[in-house]
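Thanks for coming, everyone. Let me put the model up and walk you through a few places in it.

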Number of protein chains: 2
Amino acid sequence: MAKEKKVSLKDVANAIGVSTALVSIVLNGKAKQYRIGDDMAEKVLKVSKEMNYSPNLIARNLRGGKTQLIGLVVTDISNPFFSSVSRVIENKAIELNYTVIFGSSDENLNNTKNLIEVLLNKGVDGLIIVPCDGSEKLIEKLQERGVPIVLLDRYFPNLNVSFSSLDNFKATELATQHLIDQGYTRISLIAYKSEMNNVTDRILGYEDSMKKAGLGANINIKRVSLINPKPDVNKAIESLINKSKTEAIVFTTNTLSIHGLYCLQDMQVTIPNDVAIVGFDGGDVFDLFYSPITYIEQPYVQIAEEAVTILVNKIKNGEQNKKSMVIIEPKLIVKNSSPKKD
Amino acid sequence: MAKEKKVSLKDVANAIGVSTALVSIVLNGKAKQYRIGDDMAEKVLKVSKEMNYSPNLIARNLRGGKTQLIGLVVTDISNPFFSSVSRVIENKAIELNYTVIFGSSDENLNNTKNLIEVLLNKGVDGLIIVPCDGSEKLIEKLQERGVPIVLLDRYFPNLNVSFSSLDNFKATELATQHLIDQGYTRISLIAYKSEMNNVTDRILGYEDSMKKAGLGANINIKRVSLINPKPDVNKAIESLINKSKTEAIVFTTNTLSIHGLYCLQDMQVTIPNDVAIVGFDGGDVFDLFYSPITYIEQPYVQIAEEAVTILVNKIKNGEQNKKSMVIIEPKLIVKNSSPKKD
DNA sequence: ATATATAATTAAAACGATTTAGCTATATGT
DNA sequence: ACATATAGCTAAATCGTTTTAATTATATAT
């Protein structure tokens, strides 16, 4: 009720009997530059601390155009991968004196567009974006507008826009090669219907490994809806198991892996006896499964931290057009779902 | 690069040849109140649309003290419960024309304090807070300062602060009664070492049910570290199984349930043959477990939506001191981990 | 004809910080 | 002694909005 207003620069200035300019200068560490007397400077520091002054960031922003706010656009904050990524981004941001505003796009172009506008309107200094299908033009325009951006998880190779991402090709290459090494030949892949590079590269990594192993004829890719994958996954797996006699399945995201496990469970298909599995991203579901799941691990901490670092450099140094490209190597974690074939 | 500056009120005003005041008035729907001419009002609307004007929210906030920003303090955004809650809050916020800034406290008082200060500094209009142990004074002061707050997931019964939460007593009551009904008598509980009401109420619900069933002598509560629960859970379960001959375990959070499943897995204890289980919150881990886990379901969507609704009402109507209390009923979802005892 | 009401609009202050240009007093150079 | 340099500080503009009080012109009442 007794809504005490915060102490302002003016309050501090009045308390000492000087101008707000002087206080501002001293507190911004420009005392020398503006040749403020040493004793005066000291006094300002002391009094403003005593009065518990902290600058009004809104006012500072209005004047200077900086909010120390980072906008984060993910596809869904409740997706474990993105909530983990968000946590890392948050921590790194705090470390660098930023705070995160976020929004979820649901892989939808319009949502992405609206969200970005809202975040810019709130005055974010820069954006970390997980771009969705069809957002290339949007991102390009943003970059042209001079907005500091870093793409995360996926990117547009043709754009001059910085990104931090997994080596997606390597990811499925690792998975596929592992299965080949274990003696499987009828290896299939389940991936989203999306033209984003994370999906297409994962497909390429699989195809390439199969071809190099002389298994080009066995390439079998099922593509499922990005928005509502479950029914498609069910259909795909049923077909793979019953028609294609697939020996092993590579899933290209965590969500797909989990839908797959549900489906195989329902079909009473035993892992790994009836089919071998390589999942994506790990998690308790994989480790607590009756047959712990082999998976591709994404070093999401690095991916997320690099994104923040790049963005903050852009913001601070105005490196708007420097294209920083971070591609992190995946790791294969071998468990029980992909044993040597007898 | 060609950082085009946004069109301002002034730009629109100049284009028409009127004052910024007039434009502002019309765009805020106060034309009638200020008796602006109908033709003029129409023209302003038209031109500002043509020029693609959108207000600078920072400036607006500096003047009016509103940012349309909601601060969210959770304990950990990467915890599935809180990431799900965040997603709901985000959606509800957008619907009401707000955006969410968030931070994670890690159940730490100092972090919570710092975070709240940061968020207030960024000018949030109000806060949704998951309070941690020892934060009662902090929250009370905030309320006294006149900051709109709603607590989520946990609350302080003695404070005049609004909250939205699960009926925690009912939750463990449901779980315990279910196990009793199924014929178990040696029922134990695993809970955090925390004095927050969500934990203490869950303990009370269990104790009450046990006593009412004449099983007071069998009450067996293991309390584990909030910060690093894993080793404590392991010790607790080992003791419960080997020493106390427990027949059934009720877990009081999702994280504890999962740690418990890992431990039981390692100990080769079979569920439900060796021990029955009731978990908390559900999730793929429970459903895909070899013996799908019975659990208490928290209607997190309602809990989260109510929190936003209450907060926005506070912000808009200045209902700072109206204490809204929302307590949502849990549901028991019975699966295979708690069968009738033979 | 004079006072008063009403309609339509605007000037200017305010929010709280930063920064540029300028002011005053003392010190230095010649 | 006089111009100039320097040190130390301040006035005022600025960012983009909202709002209060004021202004002008016209209409109505007496």
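Start at one of the DNA contacts. A polar backbone atom of Leu62(B) sits 3.5 Å from a base oxygen of DNA strand C. Keep in mind that this is a predicted model.

Stay with strand C. A base nitrogen of this strand lies 3.2 Å from a backbone N or O atom of Ala59(A). Now the phosphates. The side chain of Arg35(B) places an N or O atom 2.9 Å from a phosphate oxygen of DNA strand C.

How many residues surround DNA strand C? There are 26, and the closest are Leu9(A), Ser24(A), Arg63(A), Tyr34(B) and Arg35(B). Look at which DNA atoms come within 4 Å of the protein: sugar and phosphate account for 63% of them on strand C. By class, the surface there has 14 nonpolar, 7 polar and 5 charged residues. Which helices supply it? In chain A, α2 (20–27) and α4 (57–64) each give at least two residues, and so do α2 (20–27) and α4 (57–64) of chain B.

Over to strand D. Here 27 residues lie around the DNA. Gly37(A), Leu9(B), Ser24(B), Arg60(B) and Arg63(B) come nearest. Helices α2 and α4 of chain A, along with α2 and α4 of chain B, each supply at least two residues of this surface. The classes are 14 nonpolar, 8 polar and 5 charged. Of the strand D atoms within 4 Å of the protein, 66% belong to sugar or phosphate, and the rest to bases.

Some individual contacts on strand D. An N or O atom in the Ser24(B) side chain is 2.7 Å from a phosphate oxygen. Arg60(B) has a polar side-chain atom 2.8 Å from a phosphate oxygen. On the base side, a polar backbone atom of Ala59(B) is 3.2 Å from a base nitrogen.

Next, Ser83(A). This serine is in helix α5, residues 80–95 of chain A. Is Ser83(A) buried or exposed? Buried, because its relative accessible area is 1%, and the cut-off is under 20%. Leaving out residues up to four places away in sequence, Ser83(A) touches Ile77(A), Ile77(B), Ser78(B) and Ser83(B).

Last, the rings. The structure holds 9 aromatic pairs over all chains. Take Tyr155(A) and Phe163(A): their ring centres are 3.6 Å apart and their planes are at 0 degrees, so the pair is stacked. Both residues are buried.

Lysines next. Lys230(A) lies over the face of Tyr262(A), 4.9 Å from the ring centre. In chain B, Lys230(B) lies over the face of Tyr262(B), at 4.8 Å.

Conventions. Residues are numbered from 1 along each chain as its sequence is written. Chains are lettered from A and ligands numbered from 1 in the order in which they are written. This is a predicted model: local features need pLDDT of at least 70, side-chain atom pairs count only at pLDDT 80 or more; totals for chains, interfaces and linings use all residues. Side-chain values use heavy atoms; hydrogens and water are left out. Rings of Phe, Tyr and Trp (its six-membered ring) pair if their centres lie within 6.5 Å; planes under 30 degrees apart count as stacked, over 60 as edge-to-face and the rest as tilted. Buried means under 20% relative accessible area, exposed over 50%, partly exposed in between (1.4 Å probe, protein chains only). A charge sits over a ring if NZ of Lys or CZ of Arg is within 6 Å of the ring centre and within 35 degrees of the ring normal. Helices (H or I, at least four residues) and strands (E, at least two) are DSSP runs, numbered from the N terminus. Contact means heavy atoms within 4.5 Å. A residue is near a molecule or strand if one of its heavy atoms lies within 4 Å of it. A polar contact is a pair of N or O atoms within 3.5 Å; within protein, one must be able to donate a hydrogen and the other to accept it, and residues adjacent in sequence count only if both atoms are side-chain atoms. Ala, Val, Leu, Ile, Met, Phe, Trp, Tyr, Cys and Pro count as nonpolar, Asp, Glu, Lys and Arg as charged, and the others, Gly among them, as polar.
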